[in-house]
Amino acid sequence: MEPNQIKDADFLDILFEGRNKEYGAYELRKTYNRRIVKAIFVTGSVIGLLFLGGMVSGFGKGKKVAPPEVTDIVLDKVVEPEKPLPPPPPIKLPPPQVAMQQFTPPKIVKDQEVKPDEKPPVNDDLDKVQIGTVNKEGISDDGTAAPPVSETGKGVVEAPKKEEDDAPFMRVEVDASFPGGPAAWLRFMNKNLRYPDDAMSNGIAGTVMVQFIVDKEGNVSDVQAISGPEQGGLREEAIRVIKKSGKWTPALQNGRYVKAYRRQPVTFQVGSDN
């Protein structure tokens, strides 16, 4: 395109300079505005025709809107109910009157007849009435009267005393002991223990463990040998000497004397004085 033609040339001509204008894009762009105007015109015409057709078809056929029918409703007169009568007051019935029979101590009279109304009642008639000073009619006494006042349960109630368990203690804080201590026990054994001849001749020796019970007063009971030589009479001699030991000092538990078991060894040695 010549320079002097650019001033008057269309934008599309400049854009498509040297290109194939027969391809179609050039033609579409060049006729774009005319096609838009044509489309708007056609669309507006169709809408206008439709609008006019609607108006023409409805001309002279307008419908009148009838107002809704209103019917007056007359309410019936409300009749208020009569005020209910107040309930009658409760009838207070007096408590049933228990029949009462006059009973007075009999009097011994001479040459005088007792009046019928002064005769004492029969005992069977008194079972179902109360005893009083006058005769009075009423219902039979069924025994529903209040119980007589009793003084039982008043005052200080003592707690039941707990019976002490007589079973001896197996373990205590302080075991029972022979009065005077170990030295007194050794003197007692040297004086009273006898070595059995059978055991001495056969050379039988050893320690016999004797178990017995010492009660709260120190008395010894239930003496038995639980270990030691069974031959030679050593067990029998140990039991005998414990039974002969007299009263012991009882065991202590919680600061008081109690009945408890005690185990005491008795030793036999050949050639020994004890």
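This text walks through a three-stranded sheet, the helix packed on it and the nonpolar core.

The model is predicted, so local features need pLDDT of at least 70 and side-chain atom pairs count only at pLDDT 80 or more, while totals for chains, interfaces and linings use all residues. Residues are numbered from 1 along each chain as its sequence is written, and side-chain values use heavy atoms, with hydrogens and water left out.

Helices (H or I, at least four residues) and strands (E, at least two) are DSSP runs, numbered from the N terminus. Two strands pair if DSSP finds at least two bridges between them. The open sheet has three strands in the order E4-E3-E7, with antiparallel pairing. E4 and E7 are the edge strands, each pairing on one side only. From one strand to the next the twist averages 25°; axes are lines fitted to C-alpha atoms, for helices over the stretch in contact, and angles run from 0 to 180 degrees between N-to-C directions.

Strand E3 covers residues 206-214, and nine bridges join E3 to E7, residues 260-268. Along this pairing, valine 214 stands opposite alanine 260, phenylalanine 212 opposite arginine 262, and valine 210 has glutamine 264 as its bridge partner. E3 also pairs with E4, residues 220-227, over five bridges. There, valine 210 stands opposite alanine 225. E3 and E4 form a hairpin with five residues between them, and glycine 218 in the turn has a positive phi of about 95°.

In a regular strand the side chains alternate between the two faces of the sheet. E7 has a covered face of Ala260, Arg262, Gln264, Val266 and Phe268, and an uncovered face of Tyr261, Arg263, Pro265 and Thr267.

Helix H7 packs on the sheet and touches E3, E4 and E7; contact means heavy atoms within 4.5 Å. The direction of H7 makes about 155° with that of E4.

A nonpolar core is a set of buried Ala, Val, Leu, Ile, Met, Phe, Trp, Tyr and Cys residues joined through side-chain atoms within 4.5 Å, where buried means under 20% relative accessible area (1.4 Å probe, protein chains only). The largest one has 27 residues, of which Val210 and Phe268 touch the most other members. Helix H5 (181-192), E3, E4, H7 (234-243) and E7 each give two or more residues to this core. Leaving out residues up to four places away in sequence, phenylalanine 268 has contacts that include Leu193, Tyr195, Val208, Leu234 and Ala238.

Notes
Buried < 20%, exposed > 50% of the residue type's maximum accessible area, 1.4 Å probe, protein only.
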